[in-house]
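The following exchange examines how certain structural descriptions are justified. Each answer sets a computed value against the criterion behind the term.

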Amino acid sequence: MIDAKTNQRLTTIELGGGAGNSQYDARSDRIFVTVDGREELAEIDPTTDQVAARYPLSGCKGSHGLLIDSENRLAFVACEENSKLVVFDLQSKKATATLAAGADPDVLAFDIGLHRLYVSAESGNIAIFDEQDRALKEVFKGFFAANAHTVAVDSRTHCVYWPLQNVGGKPVLRITVPIDK
């Protein structure tokens, strides 16, 4: 933990493996972190700076990317080593689904208005899912662009931003807009 004002270390929280992405969940007032090597989701209490609980991520190898849908009490975990996406129910504290994603899934973005999840991957493959009844339905999966492993979405306009590091020797920002929904 780092003090944002002074940039000084306050304490270290031992996870027992590699720290993947972390997300704060306002509904539970907890921080969740993927723990690579243990293939679990760690729940941290920010008032004590301690791991409050650990949950197995069944079907995941190389847990890394993380996105929390606080409204629907779900967490989505990208698993780099086996190209999977795990859906984790924050109410029951269990993995409820394991879905195929592009090779080396990395960054996730969620359009709150459309209830659409975007999964980008270092392989250039992307996966797009619609969230319906607290489950995911695949909309698209396939190659998008080389190194398309970063994604951001504007839930107001539904524009999806894909920064690409090298397209013909230049960095490019591709912007997509869903046409059906």
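Q: What makes a residue count as buried, and what percentage of the protein does so?
A: A residue is called buried when its relative accessible area is under 20%. In this predicted model, 40% of the 181 residues of the protein meet that criterion.

Q: What area does the protein expose, and what share of it do carbon and sulfur atoms supply?
A: The exposed area is about 9200 Å², with 48% of it supplied by carbon and sulfur atoms.

Q: How do you know whether the radius of gyration agrees or disagrees with that of a compact globule?
A: The rule of 2.2 Å times the number of residues to the power 0.38 gives a value near 16 Å for 181 residues. The protein has 17 Å, and therefore agrees with the expectation for a compact globule. Its C-alpha trace spans about 45 × 40 × 30 Å along the principal axes.

Q: Why are strands S8 and S9 called paired?
A: Pairing requires at least two bridges between two strands. Six bridges join S8 (residues 74-79) to S9 (residues 84-89), so the criterion is met. The two strands run antiparallel, and Leu74 has Asp89 in S9 as its bridge partner.

Q: What makes S7 and S10 edge strands?
A: The open sheet has four strands in the order S7-S8-S9-S10, with antiparallel pairing. Strands S7 (63-69) and S10 (94-100) each have a single partner strand, so one side of each is left without a neighbour in the sheet. On average, neighbouring strands of this sheet are turned by 20° against each other, direction ignored.

Key: Residues numbered from 1 in each chain as written. Predicted model: local features only at pLDDT ≥ 70, side-chain atom pairs only at ≥ 80, totals over all residues. Heavy atoms only, no water. Axes fitted to C-alpha atoms, helices over the stretch in contact; angles between N-to-C directions. Buried < 20%, exposed > 50% of the residue type's maximum accessible area, 1.4 Å probe, protein only. Areas by Shrake-Rupley, 256 points an atom, 1.4 Å probe, with all protein chains shown as cover.
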